[in-house]
Amino acid sequence: MSTPKRFIAGAICPRCAEIDRVRAWESQGVRYRECVSCDFFEQLPIEEQPGNNELDTRVNRPRDTEQNNDIQTVKIITPSSKS
């Protein structure tokens, strides 16, 4: 089974400077790029980064449970009206 080759939208060929002529695909841990207008061809190893590649945000971090223990009772006082 062959790997589908996909064009990269907006990519400019480093050799002939044609736009939207570069296609890319991956196979067996190697990323390939080629231009259909000239003889440009490049292969790069796919580098796996150790650990989690996702940036820490408030959404993906665990909640800090210590902040929830600081609950205090508040009494709301209605100001008296002076006539």
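Residues count as buried when their relative accessible area is under 20%. This cut-off applies to the predicted model shown in the views below.

**View 1. The predicted chain as a whole, with its buried residues and exposed surface.** Of the 83 residues in the chain, 11% are buried. The surface that the chain exposes comes to about 8,100 Å², with carbon and sulfur atoms supplying 48% of it. Among contacts with a separation of 6 or more, 11% are accounted for by residues 24 or more positions apart. The secondary structure consists of 4 strands and 0 helices, and the elements follow one another from the N terminus as β-β-β-β.

**View 2. The open antiparallel sheet and its two edges.** The 4 strands are arranged in the order β1-β2-β3-β4 and form an open sheet with antiparallel pairing. The edges are occupied by β1, residues 6–7, and β4, residues 41–45, and because each of these strands has a single partner, one side of each is left without a neighbour in the sheet.

**View 3. The pairing of β1 with β2.** Strand β2 spans residues 22–27 and pairs with β1 in the antiparallel sense over 2 bridges. Within this pairing, Arg6 has Ala24 of β2 as its bridge partner, while Phe7 has Arg23 of β2 as its bridge partner.

**View 4. The hairpin of β2 and β3.** Strands β2 and β3 run antiparallel and are joined by 6 bridges, among which the one formed by Glu26 has Arg31 in β3 as the partner. The hairpin has 2 residues between the strands, and Gln28 takes a positive phi near 50° there.

**View 5. The surroundings of Glu34 in β3.** Glu34 belongs to strand β3, which covers residues 30–35. With a relative accessible area of 15%, Glu34 is buried, and its side chain is joined to that of Arg23 by a polar contact of 2.5 Å. Arg23 is also the residue of β2 that serves as bridge partner to Phe7. When residues up to four places away in sequence are set aside, Glu34 touches Lys5, Arg21, Val22, Arg23, Trp25, Phe40 and Phe41.

**View 6. The largest nonpolar core and the contacts of Cys35.** The largest nonpolar core contains 5 residues, namely Ala11, Cys13, Val22, Cys35 and Phe40. In soluble globular proteins, nonpolar side chains tend to be buried together. Leaving out residues up to four places away in sequence, Cys35 touches Cys13, Cys16, Arg21, Val22 and Phe40. Val22 and Phe40 are also touched by Glu34, under the exclusion of residues up to four places away in sequence.

**View 7. The sulfur atoms of Cys13 and Cys38.** What keeps the sulfur of Cys13 from being assigned to a bond with the closest cysteine sulfur? That closest sulfur lies in Cys38, at 3.6 Å from the sulfur of Cys13, and this is too far for a bond, since a disulfide requires a pair of cysteine sulfur atoms within 2.5 Å. Seen from Cys38, the closest cysteine sulfur is that of Cys13, again at 3.6 Å and too far for a bond. By this rule, the count of disulfides in the model comes to 0. As for accessibility, Cys13 counts as buried because its relative accessibility is 2%, whereas Cys38, at 23% relative accessibility, counts as partly exposed. Cys13 is also one of the residues in the largest nonpolar core.

Notes
Residues are numbered from 1 along each chain as its sequence is written. This is a predicted model: local features need pLDDT of at least 70, side-chain atom pairs count only at pLDDT 80 or more; totals for chains, interfaces and linings use all residues. Side-chain values use heavy atoms; hydrogens and water are left out. A nonpolar core is a set of buried Ala, Val, Leu, Ile, Met, Phe, Trp, Tyr and Cys residues joined through side-chain atoms within 4.5 Å. Buried means under 20% relative accessible area, exposed over 50%, partly exposed in between (1.4 Å probe, protein chains only). Contact means heavy atoms within 4.5 Å. Accessible areas come from the Shrake-Rupley method with a 1.4 Å probe; for residues, only the protein chains shown count as cover. Two strands pair if DSSP finds at least two bridges between them. A polar contact is a pair of N or O atoms within 3.5 Å; within protein, one must be able to donate a hydrogen and the other to accept it, and residues adjacent in sequence count only if both atoms are side-chain atoms.
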